[in-house]
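User: I'd like to talk through this fold with you, one piece at a time. Let's take it as short questions and answers.

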Amino acid sequence: MKGKSLTLVALITLVLLGIILSQMDYRVIVLFLKRASLPLILLSFVTYTATYLLRAVRWRILLGLPLSIPSLFHIVCLHTLANNLFPFRTGELTFPYFLDRFHRVQLSSSLSSLFLARVSDMLALGSLFLVGLAAVGFPGEKTLALAIPAFMAVLFFSPWILAKLFPLLTPILKRSSSKMETFFQELQEQWKGKRAIMANLLSLAIWATKFLAFFLLAQEMTKPLGYPLNYWKVVVGTSASELTTVLPIHSIGGVGTYEAGWTGAFILMGMGKGEAVATAFLFHMTLLLFSVILGLPSYIMIPWRGKRE
């Protein structure tokens, strides 16, 4: 990123941080620091770490290469940390970089697996988000009744859907560059039958587990406020935040954009504005801390793992 662009992003991030600090209810921070249960926060961290392991297993399945789970786990830790910190989703570039540097994985293979993982993530997240909307009683029950099975059907039948689409793209691919043709060949190879089904099932498991970690953490933040939190409210609220991270509007550390998703969703679910802003900021900073705790040791370990393999 060029110097001027980075300066602009930094200024935008500072402005968004200033807005957050001016709108939050600091009582929420004080109550959390006084009353939070350390064992439950540690349980949230352990549950959150489990999603990294599940992602490592999913990468191994999609890549179809004999890479060790510990090595892929370290790459996931660094990739996630970069995604959480870098603006405009530039952290995604670290995944093919580390695979090439330490395992000599071809760029076309790493990029295609990254693309498929993100498609699977969006389908799994969308499915759980729609179920959450129905569970918390958002209006539009008839629309949700149709949308939920539709998302689930696309999630589970995507291997067959793409298998039908790939032949239709053949004439276009023949006129494209060899790199693009190789990329689509990798997509077709990685998104076959059992591999695709396992990847989609793992995506559902990843997000369901991640939301459980979020629930354990958010519960400690909202308990002193008397807010009636449940798992599905966390799914809806944090889905709104997570969706901001996949858009090219991600600021440095996601500051401001992540909080906006959480705040809007929880205000709609009855939380006061000051409390919603404060819990969003507190929740986001804790998640960043989790990713730093997992990412920094991996930065030390990954060269050693790469040399061994």
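User: Which helix is the place of Ser-110?

Analyst: Keep in mind that this is a predicted model. Ser-110 sits in the helix that runs over residues 107-136. That helix is α6.

User: Is Ser-110 buried or exposed, and what is its relative accessible area?

Analyst: Setting aside neighbours within four places in sequence, Ser-110 is in contact with Leu-63, Phe-95, Pro-96, Leu-99 and Val-105. The cut-off for buried is under 20% relative accessible area. Ser-110 therefore counts as buried, with a value of 0%.

User: Which residues of α5 and α6 make the contact between these helices?

Analyst: α5 and α6 pack with their axes 9 Å apart, at an angle of about 140 degrees. The crossing of α5 past α6 is right-handed. On the α6 side the contact uses Leu-107, Ser-110, Leu-111, Ser-113 and Leu-114, and on the α5 side it uses Phe-95, Pro-96 and Leu-99.

User: Why is α5 described as largely enclosed by the rest of the structure, and how many of its residues are buried?

Analyst: Helix α5 covers residues 94-103, ten residues in total. The buried ones are Thr-94, Phe-95, Pro-96, Phe-98, Leu-99, Phe-102 and His-103. The helix is largely enclosed because the buried count is seven of the ten.

User: What follows α5, and is that residue buried or exposed?

Analyst: Right after α5 comes Arg-104, which lies in the loop between α5 and α6. Its phi is near 55 degrees, a positive value in a residue other than glycine. The cut-off for exposed is over 50% relative accessible area. At 64% relative accessibility, Arg-104 is therefore exposed.

User: How far apart are the C-alpha atoms of Leu-116 and Leu-62?

Analyst: Leu-116 is another residue of helix α6, and it is buried, with a relative accessible area of 2%. Along the chain, Leu-116 and Leu-62 are 54 residues apart. In space, their C-alpha atoms are separated by 8.2 Å.

User: Let's move to α3. Where does Thr-47 lie, and which residues does it touch?

Analyst: Thr-47 lies in helix α3. It counts as buried because its relative accessibility is 11%. Thr-47 and Ala-213 are 166 residues apart in sequence, yet their C-alpha atoms are 5.3 Å apart in space. Not counting residues up to four places away in sequence, Thr-47 touches Thr-209, Leu-212, Ala-213 and Leu-216.

User: At what angle do α3 and α9 pack, and are they roughly parallel or antiparallel?

Analyst: Helix α3 runs over residues 38-63 and helix α9 over residues 193-222, and their axes are 9 Å apart. The packing angle is about 165 degrees. That makes α3 and α9 roughly antiparallel.

User: Is the crossing of α3 and α9 left-handed or right-handed, and what about α3 and α4?

Analyst: α3 and α9 cross in a left-handed way. As for helix α4 (residues 69-85), its axis comes within 8 Å of the α3 axis. α3 passes α4 in a crossing that is right-handed.

User: At roughly what angle do α3 and α4 cross, and how are they oriented to each other?

Analyst: The two axes cross at roughly 115 degrees. Residues in the contact include Tyr-48, Tyr-52, Trp-59 and Leu-63 of α3, with Leu-72, Phe-73 and Val-76 among those of α4. With that angle, α3 and α4 are therefore roughly perpendicular.

User: Which residues touch the most other members of the largest nonpolar core?

Analyst: The largest nonpolar core holds 70 residues. One of its best-connected members is Phe-283, which is in contact with Phe-214, Leu-217, Ala-218, Met-221, Thr-238, Tyr-258 and Trp-262, leaving aside neighbours within four places in sequence. The residues that touch the most other members are Tyr-48, Trp-59, Leu-99, Phe-214, Phe-266, Phe-283 and Leu-287.

User: Zooming out, how many helices and strands does the protein chain have, and what share of its residues count as buried?

Analyst: The secondary structure comes to twelve helices and zero strands. Of the contacts with a separation of 6 or more, 76% are between residues 24 or more positions apart. The chain exposes about 15000 Å², with carbon and sulfur atoms supplying 72% of it. Of the 309 residues, the share that counts as buried is 50%.

Definitions and conventions: Residues numbered from 1 in each chain as written. Predicted model: local features only at pLDDT ≥ 70, side-chain atom pairs only at ≥ 80, totals over all residues. Heavy atoms only, no water. Core = buried A, V, L, I, M, F, W, Y, C linked by side-chain atoms within 4.5 Å. Buried < 20%, exposed > 50% of the residue type's maximum accessible area, 1.4 Å probe, protein only. Contact = heavy atoms within 4.5 Å. Helix = DSSP H or I, 4+ residues; strand = E, 2+ residues; numbered from the N terminus. Areas by Shrake-Rupley, 256 points an atom, 1.4 Å probe, with all protein chains shown as cover. Axes fitted to C-alpha atoms, helices over the stretch in contact; angles between N-to-C directions. Parallel < 35°, antiparallel > 145°, perpendicular 65-115°, else oblique. Left-handed = near helix turned anticlockwise from the far one by under 90°.
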